[in-house]
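Student: I would like to go through this model and ask, for each label attached to it, what value stands behind the label.
Tutor: Then let us take the labels one at a time and set each value against its cut-off.

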Amino acid sequence: MTTQPTHSERTAPRPPRKAAPAPEPPASAPDARFHIGDLCALLESYLSAPEVADVYRAYLFSAEAHEGQHRRSGEPYIFHPIEVARVLALMHLDSKSISAAILHDVIEDTAHNKDKIAELFGKDVAELVDGVSKIDQIEFRTEEDEQAENFRKMLLAMSQDIRVILIKLADRLHNMRTLESLKLARRHAIARETIEIYAPIANRLGMRQWAHELEDLSFRHLYPMRYRVLSESVRRRQGNRKAIVEKVLAALVSQLAKEGLPAEVSGREKSLYAIYRKMLEKHLPFEQVYDVYAFRIVTDKVDTCYRILGVVHNLYKPIPGRFKDYIAIPKANGYQSLHTVVFGPFGLSIEVQIRTHDMHRVAEAGVAAHWLYKTTDGADSGQQRALNWLHDLLAIQSESGNANEFLDHLKLDLFPDEVYVFTPKGDIRKLPRGATVIDFAYDVHTDIGLHCIGAKVDHVLVPLRTVLRNGNHVEILTSNWGRPSPSWLDYVITSKARAHIRHYLKNLQRGESVQLGARLLDKALTDIGLDPLATGTRQQEELLSALKLKDWNDLLADIGLGNRLASVVALQLLPGGSAGTVARDASAAVLAIRGTEGVVVTYARCCRPIPGDPILGFLSAGRGITVHTTDCPNVAKFRKHPEQWVDVHWEEKIEGVFPVNIRVEAKNRRGVLAQVAAVIAEFDANIDTVNIEERDGLNTAMDFTIEVRNRVHLANIMRRLRSLEAVIRLNRMKG
């Protein structure tokens with residue numbers, strides 16, 4: 001008969017040992033006895049006996065609290081927190097983290113609260129449990145809102161104690177390991193969230209082992225067939241290349257021994273998701289992914305790392321451009337190592353990583369190494385780097401307009417393919433690949449970004465939109481009158497710069513935006529021959545009502561902030577103009593041209609612009625806006641009237657079709673017209689008109705006007721037409 005533990009037993013238990021059976025747990029979790037005994041045996045390898053006793057006491061409390069609860073798989077719920085604790089114990093985290101892991105669902109799923117946890121296990125454990133629990137407690141209208149707000153709260157909890165995210169990551173890791181019991185749609189949603197957010201966070205914190213496993217598990221559930229095929233291909237290659245790998249391993253060990261360099265050499269296989277991602281990015285079949293295997297060399301000192309690198313390069317020829325020195329310039333998460341790719345036996349590409357023992361610990365455990373190996377302190381430690389990253393993200397989230405905007409910033413920040421540039425003083429700054437001068441300015445300091453007016457790259461003046469490359473020397477030019485422009489958002493890529501620019505624009509003084517809007521509108525009215533002072537109050541009221549704005553200053557502020565075109569508003573204010581049509585247009589289909597509600601928009605027949613084309617708008621009173629492509633031959637004719645040109649942009653989601661002219665020159669064969677027409681129909685495009693001109697009896701020119709959805713749709717059709725054997729030449733006609 002199973003007996004329930006008394007309160008005194010819960011507060012002062014004796015932890016189980018391998019040699020003795022564990023005390024009887026609550027009836028709700030009899031099958032967990034082996035698991036808790038195994039966990040305690042693991043903890044005894046690095047924790048003191050009183051600390052192991054505290055963990056076991058947490059187990060007894062959690063098992064009783066979760067009594068009667070089961071997971072979707074049918075097993076007792078207590079299995080889950082014990083497995084989460086096991087994941088952390090394998091990383092040798094402290095006893096408070098292990099206790100919090102065992103208790104992490106108690107506040108959320110049982111009747112016990114934070115005060116009870118604090119009373120029994122101390123304030124630190126209660127704060128950790130509360131930090132993990134708070135992430136999932138608020139209800140939201142949509143799944144996107146919930147996900148975004150949860151991550152905002154997670155970062156807040158992480159900033160208080162970074163162990164919160166370690167527990168949360170371990171929780172997600174065990175959930176991913178046991179995902180099969182959920183329905184397909186739910187599995188896909190969790191796997192997608194894991195590969196987009198949790199795995200990158202683990203990687204950013206230096207938890208490379210966890211990150212790789214989270215990626216592989218997500219890959220398996222999102223694309224089971226691809227996972228299975230790739231896994232089988234790797235298994236077959238292992239057999240084919242086992243001898244080569246063993247030969248390389250033996251050669252490295254032998255050569256290092258001859259040189260008298262202390263080192264531990266091991267071979268490893270790249271994760272399946274890493275192989276899959278490389279195939280996607282490089283557009284390679286599996287047979288052409290050669291560096292599936294990598295070798296790791298761990299040694300005693302930094303100096304020895306560089307000496308070993310020389311030995312490796314003498315043994316096998318290095319591949320140019322494939323060497324990276326992460327020792328001199330560590331990654332943002334504190335990762336340090338030398339990476340090189342060499343030509344191995346039979347032309348096989350082999351990646352070799354060289355690092356010290358301390359670097360290896362940080363590479364494997366990330367921020368968890370702070371608790372396990374306190375060998376590095378100060379500003380360059382992985383722990384400090386992680387905290388600096390968190391603080392930057394918290395500053396960004398405080399300036400984000402909403403949780404979804406913050407989640408966009410977070411996703412940008414989690415995928416840094418880094419470039420390294422230099423400040424005028426020679427300091428190294430790391431930025432994501434594709435970062436511009438403005439990204440650099442905000443990375444140095446928010447005030448420098450705020451007042452940036454120009455820049456010099458390698459001592460040459462460049463535009464602010466210039467993309468930076470490795471090794472650039474960057475100097476930012478500032479002025480007190482310098483201010484961010486809305487156009488900057490078009491070419492910044494870092495979350496920090498984007499958040500600060502948006503924050504400034506949103507908080508731009510209303511008076512300034514209203515005054516600017518008034519000046520722009522007055523000029524637009526004058527350009528179309530209308531006296532600004534003669535604008536009727538009734539026409540203004542009708543326009544405000546149609547646009548659902550409270551007062552005239554709201555409209556002027558929108559113009560000043562760039563949310564509305566002054567020239568468009570001026571047309572809407574014409575006597576008998578289009579203000580009254582705005583309300584009717586609001587219920588129509590999505591506009592093709594952004595911000596042209598109530599204005600007549602026509603597409604020039606000379607160039608027939610389609611969504612995706614770079615475009616300009618030509619404004620004329622009584623005719624509205626005529627849209628041309630920027631390379632239209634007729635654009636040059638209107639250059640003498642620059643005041644009538646307006647910047648226009650396509651809406652993001654456009655429904656409908658647009659006519660476009662193409663010319664197909666083909667061999668004069670029977671059935672060639674039918675072939676071309678069949679391809680166009682294959683891509684769900686309609687033919688409006690077709691004109692055929694026979695050239696010399698051998699070739700035929702066919703001019704088509706077809707209806708396409710956008711530039712991509714047209715490109716797909718043209719690519720398919722070019723593949724026809726009879727087609728000689730194909731081009732889109734303009735002018």
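Student: What makes Arg86 and Glu83 a salt bridge?
Tutor: This is a predicted model, and in it the closest N and O atoms of Arg86 and Glu83 are 3.2 Å apart; the criterion asks for a side-chain nitrogen of Lys or Arg within 4 Å of a carboxyl oxygen of Asp or Glu, so the pair qualifies. Both residues lie in helix H4 (residues 79-90), three residues apart, which is about one turn of the helix. Arg86 and Glu83 also belong, together with Asp38, to a network of salt bridges.

Student: Why is Arg86 called buried, and why is Glu83 called buried?
Tutor: Buried means under 20% relative accessible area. Arg86 has 16% relative accessibility and therefore counts as buried, and Glu83, with a relative accessible area of 18%, is buried as well.

Student: How do you know that Asp130 and Lys114 form a salt bridge?
Tutor: Their closest N and O atoms are 3.7 Å apart, and the limit is 4 Å, so the pair is accepted as a salt bridge. Asp130 lies in helix H8 (residues 123-134) and Lys114 in helix H7 (residues 114-121), so the pair ties together parts that are 16 residues apart in sequence.

Student: Why is Asp130 called buried, while Lys114 is called partly exposed?
Tutor: The buried class ends at 20% and the exposed class begins over 50%, with partly exposed in between. Asp130 has a relative accessible area of 10% and is therefore buried, whereas Lys114, at 28% relative accessibility, falls in the middle class and so counts as partly exposed.

Student: What makes the link between Glu213 and Arg177 a salt bridge, and which parts of the chain does the pair link?
Tutor: The closest N and O atoms of Glu213 and Arg177 are 2.7 Å apart, which lies within the 4 Å limit. The pair links distant parts of the chain, with Glu213 in helix H12 (residues 208-222) and Arg177 in helix H10 (residues 163-177), 36 residues apart. Glu213 is partly exposed, with a relative accessible area of 27%, and Arg177 is partly exposed too, at 36% relative accessibility. A search of the whole structure with this criterion finds 22 salt bridges.

Student: Why are strands S1 and S3 said to stand at the edges of their sheet?
Tutor: The sheet is an open one of five strands in the order S1-S2-S5-S4-S3, with mixed pairing. Strand S1 (264-269) and strand S3 (324-325) each have a single partner strand, so one side of each is left without a neighbour in the sheet.

Student: How do you know that S3 pairs with S4?
Tutor: Pairing requires at least two bridges between two strands, and two bridges join S3 to strand S4 (residues 338-343), so the requirement is met. The two strands run antiparallel, and Asp325 stands opposite Leu338 in S4. Helix H15 (residues 302-315) lies across strand S2 (293-299), S3, S4 and strand S5 (349-356), running at about 160° to S5.

Student: What makes S9 and S10 edge strands?
Tutor: An open sheet of three strands has the order S9-S8-S10, with antiparallel pairing, and strand S9 (460-462) and strand S10 (474-478) each pair on one side only. Strand S8 (residues 452-457) and S9 pair over three bridges, which satisfies the requirement of at least two; Lys456 stands opposite Leu461 in S9.

Student: Why is strand S17 called mostly covered?
Tutor: Eight of the ten residues of S17 (residues 699-708) are buried, and buried means under 20% relative accessible area. Ten bridges join strand S15 (residues 658-667) to S17, the two running antiparallel, and S16 and S17 pair in the antiparallel sense over eight bridges. S16 and S17 form a hairpin with four residues between them, and Gly697 in the turn has a positive phi of about 85°.

Student: Why is Ile692 called exposed?
Tutor: Exposed means over 50%, and Ile692, at 51% relative accessibility, therefore counts as exposed. Ile692 is found in strand S16 (residues 686-694), and with Leu673 and Val690 it makes a nonpolar surface patch of about 230 Å².

Methods
Residues are numbered from 1 along each chain as its sequence is written. This is a predicted model: local features need pLDDT of at least 70, side-chain atom pairs count only at pLDDT 80 or more; totals for chains, interfaces and linings use all residues. Side-chain values use heavy atoms; hydrogens and water are left out. Patches are made of residues with over 30% relative accessible area and no salt bridge: like charges are joined within 9 Å, nonpolar side chains (Val, Leu, Ile, Met, Phe, Trp, Tyr) within 5 Å. Accessible areas come from the Shrake-Rupley method with a 1.4 Å probe; for residues, only the protein chains shown count as cover. Buried means under 20% relative accessible area, exposed over 50%, partly exposed in between (1.4 Å probe, protein chains only). Contact means heavy atoms within 4.5 Å. Axes are lines fitted to C-alpha atoms, for helices over the stretch in contact, and angles run from 0 to 180 degrees between N-to-C directions.
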